[in-house]
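Good morning, everyone, and thank you for making room for me today. Please have the sequence and the picture in front of you while I talk, and we will go through them together step by step.

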Amino acid sequence: MSDTSHIFIVGTSRSGTSLLRNTLNASEELAITGETHFLGGVSSIRCLYEYYSAQGVSQPLSSEFAKTTRSSQSGLRDRIRRKGNLADHDTALAVADLIYARSDGFWENRKDSVEREKLVSGLQMANQSDSAVFDLLMNLYAGDKRIRGEKTPGHVFHVPTLLSWFPEARFVHIIRDLRAVYVSQQKKKMEQKGEKITRRHQLVRKNKRLHEYYVMANVSAHWIRVMQLDGLYRERYSDRYLSLKYEDFVKDPESSLSGICSFAGVDYSPNMLRQVFVNSSLVGRHWDKHNPISVSSGIDPGAAVRWKEHLSDVDDRFLRVLGKSYLRKLGYI
């Protein structure tokens, strides 16, 4: 039996992490929860600083730094910490309310099956330990499955921290062409509404071209830094860290998934790919029942290049310049 305790799916946002998670969750051995954003995110300014100062990944982000909004976004653990001492029953109840309010994002349809008292008692036993709280959330989602895990793309910045918490964990990093990531992110940002769109985005979105360059700059900063981290992680954690290209996955999902399962120490089954996907996503969350024409069985290999229909020649050239070295290294140009 594999010594793998956890599987973490990481990468840049809009790179296919949800597709990979949904596919792996079809295994009888794996249960990977959705995005908890437990450790928070990192700003594009911080990405550029780390990249050009060659800070590497020897030190995880400090909790003090993680609370500074100019350089990073606070995570779920910071909101839990602000509630107080978890050993206190009332505090644990307040944290449980916080988690249940957010759980549509990472527990999805299992929220109703998690007993509140089980969560509250688990929080009290965690006794202020970040790793114990995080593990509790994954365990409650996993149920009887022997390997638990989580999918937050931004946790790619926190691999050293997560390995210090869970030494037997394994990481799967899915990489996608910078230009495809930009196209997907631009579309998402233009369609976001309500609390999901920041005040800054609301302002720059008034000018379509300004917004495009704004998103392009942020996406490029993150993508380039993540590519730098990928090289460092592959060198330092070769037995615990696997990276693969999204394009390879959708073009030959059977071979790719078989390799991932071997890396994770679980049995591969063709049934993991015998699902119905829409635009590389499971029908369960994204299917429009009034538009069944868009439904297809299996993973559509055309998803690898569909972004080309939505990117101008000018933007293509600009992104090629920004990500030139890594785009070449990965074989994208």
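Let me begin with a word that I will use again and again: a residue counts as buried when its relative accessible area is under 20%, as exposed when that area is over 50%, and as partly exposed in between. What we are looking at is a predicted model, and of the 333 residues of its chain, 52% count as buried by that rule. The chain has 16 helices and ten strands, and if we take the contacts between residues at least 6 apart in sequence, 72% of them join residues at least 24 apart.

I would like to spend most of my time on helix 11, which covers residues 208–236, and to go through three helices that it meets.

We can start with helix 9, residues 178–191, whose axis comes within 9 Å of the axis of helix 11 and crosses it at roughly 130°. That angle makes helix 9 oblique to helix 11, and the crossing is a right-handed one. On the helix 9 side, the residues that take part are Leu178, Val181, Tyr182, Gln185, Gln186, Lys189 and Met190, and across from them in helix 11 are His211, Glu212, Val215, Met216, Val219, Ser220 and Trp223. Sorted by class, this contact between helix 9 and helix 11 has eight nonpolar, four polar and two charged residues.

Next comes helix 2, residues 44–53, and here too the axes come within 9 Å, with helix 2 and helix 11 crossing at roughly 40°. Are these two helices parallel or oblique to each other? The cut-off matters for this step: angles under 35 degrees count as roughly parallel, and helix 2 and helix 11 are therefore oblique to each other. Helix 2 passes helix 11 in a left-handed crossing. From helix 2, the residues Ser44, Cys47, Leu48, Glu50 and Tyr51 meet Asn218, Ala221, His222, Ile224, Arg225 and Gln228 of helix 11, and the residues of this contact between helix 2 and helix 11 divide into five nonpolar, four polar and two charged.

The third partner is helix 15, residues 313–322, whose axis comes within 11 Å of that of helix 11 and crosses it at roughly 30°. Helix 11 and helix 15 are therefore roughly parallel to each other, and their crossing is right-handed. In helix 11, the residues involved are Arg209, Glu212, Tyr213, Met216, Ser220 and Ile224, and they meet Val314, Asp315, Phe318, Leu319 and Leu322 in helix 15. The residues of this contact between helix 11 and helix 15 divide into seven nonpolar, one polar and three charged.

Cys47, which we have just met as one of the helix 2 residues in contact with helix 11, brings me to the cysteines. Cys47 is buried, with a relative accessible area of 1%, and Cys261 counts as buried as well, at 1% relative accessibility. As a reminder, a disulfide is a covalent bond between the sulfur atoms of two cysteines. How many disulfides does a search of the whole structure find? The search finds zero.

Let me now turn to some single residues outside the helices I have described. Ser5 lies in the segment before strand 1, which is residues 6–11, and at 17% relative accessibility Ser5 counts as buried. If we leave aside residues up to four places away in sequence, Ser5 touches Ile147, Arg148, Glu168 and Ala169.

Two further residues deserve a look for their backbone angles. Most residues other than glycine have a negative phi. Arg14, however, has a phi near 75°, a positive value; Arg14 sits in the loop between strand 1 and helix 1 and counts as partly exposed at 35% relative accessibility. His37 also has a positive phi, of about 50°, although it is not a glycine. We find His37 in the loop between strand 2 and strand 3, and at 36% relative accessibility His37 counts as partly exposed.

My last stop is Asp88, in the loop between helix 4 and helix 5, which is partly exposed with a relative accessible area of 39%. Asp88 and Gln124 are 36 residues apart along the chain, and their C-alpha atoms are separated by 7.0 Å.

Thank you for listening.

Note on methods. Residues numbered from 1 in each chain as written. Predicted model: local features only at pLDDT ≥ 70, side-chain atom pairs only at ≥ 80, totals over all residues. Heavy atoms only, no water. Disulfide = S-S within 2.5 Å. Buried < 20%, exposed > 50% of the residue type's maximum accessible area, 1.4 Å probe, protein only. Axes fitted to C-alpha atoms, helices over the stretch in contact; angles between N-to-C directions. Helix = DSSP H or I, 4+ residues; strand = E, 2+ residues; numbered from the N terminus. Parallel < 35°, antiparallel > 145°, perpendicular 65-115°, else oblique. Left-handed = near helix turned anticlockwise from the far one by under 90°. Contact = heavy atoms within 4.5 Å. Nonpolar A, V, L, I, M, F, W, Y, C, P; charged D, E, K, R; others polar.
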